[in-house]
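Let's take a walk through this model together. Have the sequence and the 3D view open, and turn the view as you read.

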Amino acid sequence: MLSRKVTSHGQDSSYFLGWQEYEKNPFDPIHNPSGIIQMGLAENQLSFDLLESWIEENQESNWFRKRGGSVFRELALFQDYHGLPEFKKELAEYMSEIRGNRVKFDVDKLVLTAGSTSANEILMFCLAEPGEAFLIPTPYYPGFDRDLQWRTGVEIIPIHTTSSNNFAITKPSLEEAFQRAQSLHLKVKGLFLTNPSNPLGTTLSPQELHLLLSFSLSHSLHIVSDEIYSGTASSPSSPTLTEALARLLPDPLHPAWGRLHVVSSLSKDLGLPGFRIGAIYSHNAALVAAATKMSSFGLVSSQSQFLLSRILADKGFIRRYTRENRARLGRRRGVMQAGLREAGLPCLRSEAGLFCWVDMRRLLASASFEAEAELWRRMVHEFGVNVAPGSSCHCAEPGWFRVCFANVAEETLRVAMRRIRAFVADSGIRR
Ligand SMILES: Cc1ncc(COP(=O)(O)O)c(C=O)c1O
């Protein structure tokens with residue numbers, strides 16, 4: 001018999017069910033051409049060749065050697081939860097680089113974690129008691145239901161947005177969510193934002209940044225800014241919450257600085273989710289100390305830190321990689337958007353992320369989440385394409401889907417687009 005804690009997690013949504021369907025029958029152009037194509041997974045596989053060439057040309061780093069000597073024993077024994085200093089320095093500089101060097105990161109305010117998953121959960125443990133709440137704009141990454149709530153007991157209160165203004169966050173929507181939390185007797189501890197957004201692929205506008213900061217200031221709320229998709233934006237020109245706060249409150253000693261916490265990861269920008277490298281960046285010294293202790297439960301292995309410190313230290317390579325990766329993602333996004341348009345499916349204008357947010361409302365048999373689920377089932381089982389339905393992202397309107405474009409080969413994308421066109425034609429006939 002297992003405990004109530006482990007039998008009540010948020011992993012039974014269609015988001016995770018789609019992955020299971022894919023695992024049972026994965027597409028392969030040669031061995032299983034009628035299998036399911038996975039377009040529900042936000043992975044970046046477009047620039048692996050660049051990293052592979054770097055590794056090929058820098059064999060010394062692979063074999064745990066530094067300046068001719070072995071560091072094997074040093075790494076084998078290393079277990080300090082503060083992380084390898086050379087890695088933290090390089091990671092802080094990389095975080096600046098992908099933000100156009102407009103934000104500086106101080107290594108003493110950085111906590112290493114096993115991916116953003118761990119960073120986000122640690123922040124919830126540090127900032128809220130069980131039964132306290134964070135407000136999160138919808139639609140949001142389906143994994144948050146598990147990552148933020150499951151073990152911590154923290155509650156998520158959605159801030160509902162709509163397609164009528166391209167899912168922008170407004171003052172009434174923020175206030176409505178805050179009131180809803182209060183009517184449920186939940187104390188609101190903060191706002192949890194994803195910028196750039198998963199699943200929208202958009203960045204917060206200057207108006208939204210200002211609104212969110214003013215709202216958090218007026219209620220003394222924390223802000224967690226999950227910026228895991230920073231390096232996927234077509235250009236690093238959009239301002240971040242850190243920059244907006246610096247403009248609003250230039251005094252670094254203002255208490256609001258201690259309530260802004262940035263989450264970062266190498267899972268998307270460098271396409272390395274398997275390496276489990278994430279970080280919390282906070283100006284709050286007490287939080288940094290607590291989070292560092294909590295990171296003991298999800299450390300980044302010393303060999304990952306070692307290898308990545310070498311890659312990130314090669315500044316010329318990183319600049320080239322970042323530029324080329326952004327360009328490749330931009331091209332893929334363009335191909336995907338054009339293909340969807342051709343199939344008669346509009347999508348939200350976006351400039352970041354590894355996905356398009358696609359409007360399939362006209363294909364629904366009725367404006368309901370049941371009809372959305374039925375559409376999704378047909379797409380997976382009859383047409384062999386897995387995508388994430390909007391309901392798994394808690395979208396308030398049925399008929400939106402997240403379709404990922406960077407985890408498949410170009411040829412597979414073409415097959416997927418053919419299938420999507422056939423699916424749209426078939427759905428049109430059925431209606
Ligand atoms: C917004 C967001 N946060 C966190 C994560 C988890 O990332 P990681 O692999 O760094 O744990 C994801 C993964 O898709 C995500 O989209």
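The sections below go from the annotated domain to the sheet, the ligand shell and a few individual residues.

## The model and its domain

This is a predicted model. The unreviewed UniProt entry annotates residues 37-420 as "domain: Aminotransferase class I/classII large". Within that span, helix makes up 42% and strand 15%, and the C-alpha atoms at its two ends are 11 Å apart.

## The seven-stranded sheet

A good place to start is the open sheet of 7 strands, which follows the order β4-β10-β9-β8-β7-β5-β6 with mixed pairing. Its edges are β4 (110-113) and β6 (155-159), each with pairing on one side only. On average, neighbouring strands in this sheet are turned by 25 degrees against each other, direction ignored.

At the β4 edge, 4 bridges link β4 to β10 (residues 278-282) in the antiparallel sense, and Leu110 has Tyr281 as its bridge partner there. Helix α6 (residues 85-97) packs on the sheet here, touching β4, β9 (260-265) and β10, with its direction at about 105 degrees to that of β4. Towards β6, helix α9 (residues 171-183) lies across β5 (133-137), β6 and β7 (188-194), and runs at about 150 degrees to β6.

## Strand β8

Is β8 enclosed or open to the outside? All 5 of the 5 residues in this strand (residues 222-226) are buried, so the rest of the structure largely encloses it. In a regular strand, side chains alternate between the two faces of the sheet. Here, His222, Val224 and Asp226 point one way, while Ile223 and Ser225 point the other way.

Strands β7 and β8 run parallel and are joined by 5 bridges. Across this pairing, Leu193 stands opposite Ser225 of β8.

## Around the ligand

The ligand is surrounded by 14 residues, and the closest are Gly115, Ser116, Thr117, Ser265 and Ser267. Helix α7 (residues 115-127) gives the most to this shell, with 3 residues. Sorted by class, the shell holds 9 polar, 4 nonpolar and 1 charged residues.

## Two residues to compare

Arg99 sits in the loop between α6 and β4. Arg99 counts as buried because it has 23 C-beta neighbours inside 10 Å. Beyond its neighbours within four places in sequence, Arg99 is in contact with Ser230, Pro236 and Thr240. Its C-alpha atom is separated by 7.5 Å from that of Gly231, although the two residues are 132 residues apart along the chain.

Phe16 belongs to helix α2 (residues 14-24). With 17 other C-beta atoms within 10 Å, Phe16 is partly exposed. The C-alpha atoms of Phe16 and Arg102 are separated by 37 Å, and these residues are 86 residues apart along the chain.

## Backbone details worth a look

Where are the cis peptide bonds to inspect? One joins Thr138 and Pro139, with omega about -10 degrees, and Pro139 is in the loop between β5 and α8 (144-149). Another runs from Asn198 to Pro199, with omega near 20 degrees, and Pro199 is in the loop between β7 and α10 (206-218).

Positive phi values in residues other than glycine also deserve a glance. Arg67, in the loop between β2 (65-66) and β3 (69-70), has phi of about 45 degrees. Arg67 is exposed, with 6 other C-beta atoms within 10 Å. Phe167, in the loop between β6 and α9, has phi near 65 degrees. Phe167 is buried, with 22 other C-beta atoms within 10 Å.

Methods:
Residues are numbered from 1 along each chain as its sequence is written. This is a predicted model: local features need pLDDT of at least 70, side-chain atom pairs count only at pLDDT 80 or more; totals for chains, interfaces and linings use all residues. UniProt positions are given in the numbering used here, feature names are shortened, and annotations may be inferred rather than shown by experiment. Two strands pair if DSSP finds at least two bridges between them. Axes are lines fitted to C-alpha atoms, for helices over the stretch in contact, and angles run from 0 to 180 degrees between N-to-C directions. Two residues are in contact if their C-beta atoms, placed from the backbone, lie within 7 Å. A residue is near a molecule or strand if its C-beta atom, placed from the backbone, lies within 6 Å of it. Ala, Val, Leu, Ile, Met, Phe, Trp, Tyr, Cys and Pro count as nonpolar, Asp, Glu, Lys and Arg as charged, and the others, Gly among them, as polar. A residue is buried if 20 or more other C-beta atoms lie within 10 Å of its own, exposed if 12 or fewer, and partly exposed in between; C-beta atoms are placed from the backbone.
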